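Take a walk through this model, one element at a time. Keep the coordinates open as you read.

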Amino acid sequence: MPIAAAADCVPPERPFLPQSREDIRAYADLLRSDFEGYIADIQEYFRCLDAERQRAFQEAREVSEDYGTLIELLD
């Protein structure tokens, strides 16, 4: 998986749900598709955030080690 940045993790747009039961029934197939698409997209978004979190922790660990090296060299 390529390195992600938090800015690369784009949350999906929340699906629209009409207020009217008649509109819900009339557009049921379209609405169902929108909601199923959202569920798939939000899972991908969560995976992206998890990957970025992992990358950030690794970077923080490396920076901490570099800082330790810096402190040792300055002493």
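Helix H2 has 47 residues. From its first C-alpha to its last, H2 reaches 68 Å. That is close to the 69 Å expected at 1.5 Å a residue. The helix covers residues 28–74. Keep in mind that this is a predicted model.

Which residues of H2 are buried? They are Leu31, Ile42, Tyr45, Cys48, Ala51 and Glu52. The cover over these buried residues includes H1. Helix H1 spans residues 21–26.

Start with Tyr45. Its relative accessible area is 19%. The cut-off for buried is under 20%, so tyrosine 45 counts as buried. Phenylalanine 46 has a relative accessible area of 45% and is partly exposed. Tyrosine 45 and phenylalanine 46 form an aromatic pair. A search of the whole structure finds one such pair. Its ring centres are 6.2 Å apart, and the planes meet at 40°. Why is the pair called tilted? Planes under 30 degrees apart would count as stacked and those over 60 as edge-to-face, so an angle between these limits is tilted.

Now turn to the charged side chains. How many salt bridges does a search of the whole structure find? It finds four. One of them joins arginine 32 and aspartate 29, at 3.5 Å from N to O. Both residues lie in helix H2, three residues apart, which is about one turn of the helix. Arginine 32 is partly exposed, with a relative accessible area of 48%. Aspartate 29 is exposed, at 61%.

Further along H2, Glu52, Arg55 and Glu59 are linked in a network of salt bridges. Take its two contacts in turn. The side chains of glutamate 52 and arginine 55 meet at 2.8 Å, N to O. These two residues are three apart in H2, about one helical turn. Glutamate 59 and arginine 55 meet at 2.9 Å, N to O. Why are glutamate 59 and arginine 55 separated by about one helical turn? Because they are four residues apart in helix H2.

Accessibility varies across this network. Glutamate 52 has 11% relative accessibility and counts as buried. Arginine 55 has 24% and counts as partly exposed. Glutamate 59 is also partly exposed, with a relative accessible area of 41%. Glutamate 52 is therefore a charged partner in a salt bridge that falls under the 20% cut-off for buried.

Phenylalanine 57 also lies in helix H2. At 48% relative accessibility, phenylalanine 57 counts as partly exposed. Compare its position with that of isoleucine 42. The two residues are 15 apart in sequence. In space, their C-alpha atoms are 22 Å apart.

Next, look at where the segment before H1 meets H2. Proline 15 lies in that segment. Is proline 15 buried or exposed? At 16% relative accessibility, proline 15 counts as buried. What does proline 15 touch, leaving out residues up to four places away in sequence? The contacts are Asp34, Phe35 and Tyr38.

Follow the last of these names. Tyrosine 38 has its place in helix H2. Its relative accessible area is 25%, and tyrosine 38 is partly exposed. With residues up to four places away again left out, tyrosine 38 touches Pro12, Glu13, Arg14 and Pro15. Tyrosine 38 and arginine 14 are 24 residues apart in sequence. Their C-alpha atoms are 6.9 Å apart in space.

Proline 15 also gives a long-range distance. Aspartate 75 is 60 residues away along the chain. The C-alpha atoms of proline 15 and aspartate 75 are separated by 58 Å.

Finish with a nonpolar patch on the surface. Which residues form it? They are Tyr67, Leu70, Ile71 and Leu74. Together they have about 410 Å² of accessible area. Tyrosine 67 sits in helix H2. At 53% relative accessibility, tyrosine 67 counts as exposed. The cut-off for exposed is over 50%, so tyrosine 67 passes it.

Notes: Residues numbered from 1 in each chain as written. Predicted model: local features only at pLDDT ≥ 70, side-chain atom pairs only at ≥ 80, totals over all residues. Heavy atoms only, no water. Phe/Tyr/Trp six-rings, centres within 6.5 Å; stacked < 30°, edge-to-face > 60°. Buried < 20%, exposed > 50% of the residue type's maximum accessible area, 1.4 Å probe, protein only. Contact = heavy atoms within 4.5 Å. Patch = residues over 30% accessible without salt bridge, like charges linked within 9 Å, V, L, I, M, F, W, Y side chains within 5 Å. Areas by Shrake-Rupley, 256 points an atom, 1.4 Å probe, with all protein chains shown as cover. Expected span 1.5 Å × (residues − 1).
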